[in-house]
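Student: Before I rely on the labels in this description, I would like to see each one set against its definition.

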Amino acid sequence: MRLGPRPVVLVLLLLCAAVAGAGKAEELHYPQGEHRADYDREALLGVQEDVDEYVKLGHEEQQKRLQSIIKKIDSDSDGFLTESELSQWIQMSFKHYAMQEAKQQFVEYDKNNDGTVTWDEYNIQMYDRVIDFDEITALDDAEEESFRQLHLKDKKRFERANQDSGPGLSLEEFIAFEHPEEVDYMTEFVIQEALEEHDKNGDGYVSLEEFLGDYRRDPRIYQTSYWIHVIFLCMYISVFLY
């Protein structure tokens, strides 16, 4: 089935956002180029509490635990694990991990324990003070201007996550703020943010050169074959844009 121009653009932008999110995961997996074995255990076993419990078990109990997990991963119960089944399991594990992390952060950010996180509370937790940048005037210092742009992006995402326009974010809204790619009502925002990030010349389109620009400059960003395949898929889809 051949996709029309608009659906293809949306698919490409969602893939851009997904690959960007994968970059964060890759940084956690290989901090400063060093492999984290515990990251692999969390991907397979689940949250850190499950990993901690697993490492305390004896060898025989560990084998039983792994067999139990393998049965869950083997969705068609054919006795074999496919790449697709492993991928689905790991994605589910990471989504669960992201949700748990956001819930923990919510408690830390909610300074007055009223069940919501305000923009001021977020700033205080992140920067020890409330920051307010002019949305129009750029700063002369390049580093400060880069920080201003990132801060304004956070503010825009915070406001978009606030569905009820209340004084702060509920837990569900805070999860949408921290992980917009996991929440349906944030989809358009994620697409628009990806477009703004990759559309270097501001023409409203993401060319192949613009999309691959950052990755060509730093080939270390993606070292696994999976993400190379994702990039090639984006290259293939982009052909339909011209």
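Student: How much area does the chain expose, and what share of it do carbon and sulfur atoms supply?

Tutor: The chain exposes about 15700 Å², and carbon and sulfur atoms supply 54% of it, where accessible areas come from the Shrake-Rupley method with a 1.4 Å probe and, for residues, only the protein chains shown count as cover. This is a predicted model, in which local features need pLDDT of at least 70 and side-chain atom pairs count only at pLDDT 80 or more, whereas totals for chains, interfaces and linings use all residues. Residues are numbered from 1 along each chain as its sequence is written, and side-chain values use heavy atoms, with hydrogens and water left out.

Student: Why are Tyr 122 and Phe 177 called an edge-to-face aromatic pair?

Tutor: Rings of Phe, Tyr and Trp (its six-membered ring) pair if their centres lie within 6.5 Å, and planes under 30 degrees apart count as stacked, over 60 as edge-to-face and the rest as tilted. The search of the whole structure finds eleven aromatic pairs; in the one formed by Tyr 122 and Phe 177, the centres are 5.1 Å apart and the planes are at 90°, so the pair is edge-to-face.

Student: What makes this pair a tie between separate parts?

Tutor: Tyr 122 lies in helix α6 (residues 119-127) and Phe 177 in helix α8 (residues 171-178), so the pair ties together parts 55 residues apart in sequence; helices here are DSSP runs (H or I, at least four residues), numbered from the N terminus.

Student: Why is Phe 147 called partly exposed?

Tutor: Buried means under 20% relative accessible area, exposed over 50%, and partly exposed in between (1.4 Å probe, protein chains only); Phe 147 has 28%, so the label is partly exposed. Both Tyr 122 and Phe 177, by contrast, are buried.

Notes: Helices (H or I, at least four residues) and strands (E, at least two) are DSSP runs, numbered from the N terminus.
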